Amino acid sequence: TQSTGTAMKTKCPPRQALVLTVTVILLLPVVLLGIGVQGDDKVAVENLPLSAWADELRNGTIDAVVDVRTAEEFDATWGRVGVCVNASDPQSCAYGHIPGVYWIQNLQSMDHDDFVSNLTGGGLALPGLRACAGLRVAFVCHSGTRSLAAAEKLVAAYDAAGVTLNESTVHGGGIVSFDGGTMAFYMSGRETRYGMARPEWTGCTQLRRFVDGWVD
């Protein structure tokens with residue numbers, strides 16, 4: 001009888017182990033949820049196809065589109081009858097620019113400080129980036145390579161400053177790259193403009209004040 005009792009005691013888990021097991025089971029969903037939320041907070045680029053970003057332009061859900069091409073590509077007046085020098089696509093100076101876009105030449109090639117200063121409009125970097133984080137900002141170039149580089153550079157700037165997107169604004173914060181770029185827009189038969197006339201880019205802070213009355 002004594003031997004049987006010992007065997008039964010061995011099979012029964014200690015009370016502490018049972019409590020620990022139950023605790024782990026109960027906390028596991030909470031831990032997994034926390035991991036998911038943390039992952040969702042990471043800023044990522046939306047590399048949208050033409051159909052998607054053209055719809056956003058038409059619906060006005062993008063606060064600013066920044067063209068990062070050269071002046072020759074943006075202007076395109078002489079390129080309509082010629083070719084674009086030192087370009088992968090000789091016709092890249094024939095497409096003009098998308099109506100209403102801002103222009104910051106070679107933004108994607110700037111170092112971190114110049115990139116932030118040009119995009120935010122100067123002043124203190126952190127408030128400027130926080131202003132940008134409340135805007136849905138898109139970048140466009142010839143075909144999508146330079147715009148994606150600019151978008152990824154903005155992600156890096158947010159990460160370095162500890163800034164996350166502000167989803168409570170008019171259109172929610174976001175970083176968009178127009179895949180296919182101006183070429184795809186032009187080749188689809190949509191209207192482009194020629195010449196250097198464009199809205200003046202004064203930075204995210206001023207734009208936020210206009211869009212939603214933001215005060216830094």
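Confidence comes first: across the protein, pLDDT (the predictor's confidence in each residue, from 0 to 100) averages 83, and 75% of the residues score at least 70. This is a predicted model, so local features need pLDDT of at least 70 and side-chain atom pairs count only at pLDDT 80 or more, while totals for chains, interfaces and linings use all residues. Residues are numbered from 1 along each chain as its sequence is written, and side-chain values use heavy atoms, with hydrogens and water left out. Two stretches come out poorly. Over residues 1–10, pLDDT stays under 50 and the model has zero contacts (heavy atoms within 4.5 Å) beyond four places in sequence. Residues 29–40 also stay under 50, again with zero contacts beyond four places in sequence.

Now for the sheet. Helices (H or I, at least four residues) and strands (E, at least two) are DSSP runs, numbered from the N terminus, and two strands pair if DSSP finds at least two bridges between them. Five strands make up an open sheet with parallel pairing, in the order 1-5-4-2-3. Strand 1 (45–48) and strand 3 sit at the edges with a single partner strand each, so one side of each has no neighbour in the sheet. Further in, strand 2 pairs with strand 4 (residues 136–140) in the parallel sense over four bridges, and V65 has A138 of strand 4 as its bridge partner. Strand 2 also pairs with strand 3 (residues 102–103), parallel and over two bridges; here V66 is matched with Y102. Strand 4 in turn runs parallel to strand 5 (residues 174–178), with four bridges between them, and F139 stands opposite S177.

Which way do the side chains of strand 2 (residues 64–67) point? A64 and V66 go one way, V65 and D67 go the other, and all are buried. Buried means under 20% relative accessible area, exposed means over 50%, and partly exposed lies in between (1.4 Å probe, protein chains only). C141 falls in the buried class because its relative accessibility is 1%.

Next, the nonpolar packing. A nonpolar core is a set of buried Ala, Val, Leu, Ile, Met, Phe, Trp, Tyr and Cys residues joined through side-chain atoms within 4.5 Å. The largest one has 30 residues, and those with the most contacts inside it are L107, L119, F139, L154, Y158, I175 and W201. At least two residues of this core come from each of strand 2, helix 5 (112–120), helix 6, strand 4, helix 7 (145–161) and helix 9. Helix 7 gives the most, with six residues. Leaving aside residues up to four places away in sequence, Y158 touches V43, L129, C132, A133, V163, L165 and I175. Apart from the largest core lies another, of 15 residues, with L48, I62, V65 and V101 among them. As a rule, nonpolar side chains in soluble globular proteins tend to be buried together.

What about disulfides? A search of the whole structure finds one, where a disulfide is a pair of cysteine sulfur atoms within 2.5 Å. The bond joins C132 to C204, with an S to S distance of 1.9 Å. This pair links distant parts of the chain, as C132 belongs to helix 6 (residues 125–132) and C204 to helix 9 (residues 204–212), 72 residues apart. The torsion about the S-S bond of C132 and C204 is about 90°, so this disulfide is right-handed. Both C132 and C204 are buried.

Finally, the aromatics. Rings of Phe, Tyr and Trp (its six-membered ring) pair if their centres lie within 6.5 Å; planes under 30 degrees apart count as stacked, over 60 as edge-to-face and the rest as tilted. The structure holds five such pairs. One of them, F74 with W103, is tilted, at 5.7 Å centre to centre and 35° between the planes. F74 lies in helix 4 (residues 71–75) and W103 in strand 3, so the pair ties together parts that are 29 residues apart in sequence. Both F74 and W103 are buried. The rings of Y95 and Y186 are also tilted, because their centres are 5.0 Å apart and their planes at 50°. Y95 is in the loop between helix 4 and strand 3 and Y186 in helix 8 (residues 181–187), so this pair ties together parts 91 residues apart in sequence. Y95 is buried, with a relative accessible area of 7%, whereas Y186, at 33% relative accessibility, counts as partly exposed. W53, F178 and F185 form one aromatic cluster.
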